[in-house]
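Subject: The structure to look through

Hi,

Here is the structure I promised to pass on to you. Have it open while you read, and my notes will follow below.

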Amino acid sequence: MATEALHENETLASLKSEAESLKGKLEEERAKLHDVELHQVAERVEALGQFVMKTRRTLKGHGNKVLCMDWCKDKRRIVSSSQDGKVIVWDSFTTNKEHAVTMPCTWVMACANAPSGCAIACGGLDNKCSVYPLTFDKNENMAAKKKSVAMHTNYLSACSFTNSDMQILTASGDGTCALWDVESGQLLQSFHGHGADVLCLDLAPSETGNTFVSGGCDKKAMVWDMRSGQCVQAFETHESDINSVRYYPSGDAFASGSDDATCRLYDLRADREVAIYSKESIIFGASSVDFSLSGRLLFAGYNDYTINVWDVLKGSRVSILFGHENRVSTLRVSPDGTAFCSGSWDHTLRVWA
Amino acid sequence: MPHLRKMERVVVSMQDPDQGVKMRSQRLLVTVIPHAVTGGDVVQWLTQKFCISEEEARHLGAVLVQHGYIYPLRDPRSLVLRPDETPYRFQTPYFWTSTLWPAAELDYAIYLAKKNIRKQGTLVDYEKECYDRLHTKINHAWDLVLMQAREQLRAAKQRRKGDRLVIACQEQTYWLVNRPPPGAPSVLEQSPGRGSCAASRVHMRGDFYKQEIEYCRRALGRTRVKSSVCLEAYLSFCGQRGPHDPLVSGCLPSNPWISDDDAYWVMNAPTVVAPTKLRVERWGFSFRELLEDPVGRAHFMDFLGKEFSGENLSFWEACEELRYGAQAQVPTLVDAVYQQFLAPGAARWVNIDSRTMERTLEGLRQPHRYVLDDAQLHIYMLMKKDSYPRFLKSDMYKGLLAEAGIPLETKKRVFPFSRRPRHSSPSPALLPTPVEPTAAGGPGGGDGVA
């Protein structure tokens, strides 16, 4: 029996080293076709003008840290979730609160709006993702119609509806992502491959709508085929946890924000990292990133309470925005690109334009 | 926590005798404290070292003070960086978060006890509460706490006054960081479950590495595109979309968030009779862009109707509904699509090549949500490569482009202090579900009524 255990250990070690050496070869292959840097190509692009972005709305009402937010397709409503278990739907243009739900758990780390605008999904330390249909009927209790959809074995870190109200994609601290049928709660596909907690995901805006990217505590960003469950591409250049991933609007690349204080751009066709957005004075991790409509600007919220605006092509920082009084935990550009919203541990959300 | 290491590197270089911040001796009442720096010098050093604005330097300096790496010599109650003559000192590495974390309850109890003994009434409200709570909690070891406190006070008396003052400030700062007063942000707080990322919950068994190996082998064989080609694509994409990006180029008549006027949203509503010029232009950027816009899609459907190929788009829409529909609906939807589009003699038969049709019909024996993927892709490509370019060259599209208007910029407000009333809009959750005439239903799925 003892010999058996030893054999097992040896095999594990040799497998690990084989994986490492193959990864090394992969990096060599990727480097072969890298003939120019992005900022070199971008030299002939006109520099952006001075940016004056200000807080245009401040949403106050959460009693604790805001952890996540998502825009509605109507370009003005948002849903936000907080550490105290509250999930609020706001018309952020008028700053009115329209719905509020109290989850049975604290740290609601993920929330999302359904494409129809008629439902929201949320979850966190309860290890589940639940869907609440939105109702204006005063006699109805929103919590009563709640549907438990996803079940993970650890906290829910991110969730997103696919093209319809009927499917949800989730990411979890248990190291997996999963695709669920909302109506039945059935698991349609699961995605294994991360070596640690998965912290974020984003669906690809591609024509065939088949892939998504996820980032995790294992410093890896992985692109998945939704149909087969297989990982189609993986990138491992960050030096710490990846907190946020977001596709470039064309779908040919994606950006990531990490605890190593950098944001990086990965091109899917070149199959490599093509840009790093960092500055010596930026020490704290980037918690969330999003692109402006044209992909020219990258907005990133950081744990040092600031938001940095990057010129995606030239690689330079265009602007730094102050205002939040605690770490920025979530950031999304509105669907029509007229503004972006940031949520923070200072209990507020801000809309900037 | 990589940011802590980085902050430590910064404060170490700030203490460099040649390149660091100017050190001076600071007089506090009758005591002289050596190796002090002023808040203003700290800000200036950061500005120069990192080539950043003063505002950013003040923010960075404030963050260093909040984490206790730089502590105030006067008024150590608040960890705030004053960019003037206010004196500060660098925290000794013994008290760094990376050295001495997490802070122990016992140590906090001893600290509070010392404060209490040294001078009755120095404990602030929240400290008194903590003290009482700890007393109850560590009641069994309270004698030890008091003994330690007295011993530390006695040892401190033997030091020079300057040293005593400095140590007291450092201790106070350390506890302000590790036990912040209620209402103050705790800089050391983490998201739940993150601290233990090193201890992976995913078991690194043989399977995990085998999966990685398999992935690497597949990846080594993939075709890659030269960087220059990929990067050029970004330039043209950003260049093309720039004028359509409100945050880069502004938007007409005005950005609703800035002007408080929602005219922009009214003019660009999903189903509007007269789309703006920019919007109609976007339909020419890519086939996906055209289909994603309900108005664009509707015009394209009209165009296809004129060419008697409207069933292609309808088929594609039906396939989308299958792919993103409820699991329980799959068999019904597959059957409906088959009957309407694929069966021999179907009312809206779509023209798919024979090989794809064969594969599809084979797959239909065991219907699942992806069973129509091949056929859908074939029809999508047909529309994209054939109908779409013709649509863009058509009189219909050219006419729409010519008709489409550019909104006038909203005039600046004459009375800047009167705020424009912000109109509310009906929530999508209130709107009745649109009823689509096509058999397989419209895009989006509405509220999924069975």
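Met147(B) sits in helix H6 of chain B, which covers residues 142-157; helices (H or I, at least four residues) and strands (E, at least two) are DSSP runs numbered from the N terminus. Met147(B) is exposed, at 51% relative accessible area. For these labels, buried means under 20% relative accessible area, exposed means over 50%, and partly exposed is in between, with a 1.4 Å probe and protein chains only. Together with Leu106(B) and Leu144(B), Met147(B) makes a nonpolar surface patch of about 260 Å² accessible area. Patch members have over 30% relative accessible area and no salt bridge, and they are joined within 9 Å for like charges or within 5 Å for nonpolar side chains (Val, Leu, Ile, Met, Phe, Trp, Tyr). The areas come from the Shrake-Rupley method with a 1.4 Å probe, and for residues only the protein chains shown count as cover.

Before you go on, please keep in mind that this is a predicted model, in which local features need pLDDT of at least 70 and side-chain atom pairs count only at pLDDT 80 or more, while totals for chains, interfaces and linings use all residues. Residues are numbered from 1 along each chain as its sequence is written, chains are lettered from A and ligands numbered from 1 in the order in which they are written, and side-chain values use heavy atoms, leaving out hydrogens and water.

Helix H6 of chain B also holds a salt bridge, between Glu151(B) and Arg154(B), at 2.8 Å from N to O. The rule for a salt bridge is a side-chain nitrogen of Lys or Arg within 4 Å of a carboxyl oxygen of Asp or Glu. These two residues are three apart in H6, so about one helical turn separates Glu151(B) from Arg154(B). Glu151(B) is partly exposed at 39%, and Arg154(B) is partly exposed at 45%. Elsewhere, Glu20(A), Lys23(A), Lys220(A), Glu236(A) and Glu212(B) are joined into one network by salt bridges that share partners.

How many salt bridges are there over all chains? The count comes to 47. One of them pairs Asp70(A) with Arg332(A), at 3.7 Å from N to O. Asp70(A) is in strand E2 (residues 66-71) and Arg332(A) in strand E26 (residues 328-333) of chain A, so this bridge ties together parts 262 residues apart in sequence. Is Asp70(A) buried or exposed? Asp70(A) is buried, at 12% relative accessible area, while Arg332(A) is partly exposed at 23%.

Another bridge links Asp373(B) to Arg227(A), with the closest N and O atoms 3.0 Å apart. Asp373(B) lies in helix H19 (residues 373-393) of chain B, and Arg227(A) lies in the loop between strands E16 (221-225) and E17 (231-235) of chain A, so the pair joins two chains. Asp373(B) counts as buried at 11%, and Arg227(A) is partly exposed at 36%.

Now for the inside. In soluble globular proteins, nonpolar side chains tend to be buried together. A nonpolar core here is a set of buried Ala, Val, Leu, Ile, Met, Phe, Trp, Tyr and Cys residues joined through side-chain atoms within 4.5 Å. The largest has 53 residues, and Met14(B), Leu46(B) and Ile70(B) touch the most other members. H4(B) gives the most to this core, with six residues. At least three of the core residues come from each of domain 1 (2-95) and domain 2 (105-178) of chain B; these bounds come from an automatic or database domain assignment.

Finally, the records. UniProt (positions in the numbering used here, names shortened, annotations possibly inferred rather than shown by experiment) gives these unreviewed features:

- "domain: DEP" is listed at residues 17-92 of chain B. This span is 33% helix and 26% strand, and its end C-alpha atoms lie 16 Å apart.
- "domain: RGS" is listed at residues 286-401 of chain B. This span is 72% helix and 0% strand, with end C-alpha atoms 16 Å apart.
- "repeat: WD" is listed for several spans of chain A, including 191-234 and 321-353. Residues 191-234 are 0% helix and 52% strand, with end C-alpha atoms 13 Å apart. Residues 321-353 are 0% helix and 52% strand, with end C-alpha atoms 11 Å apart.

Happy exploring!
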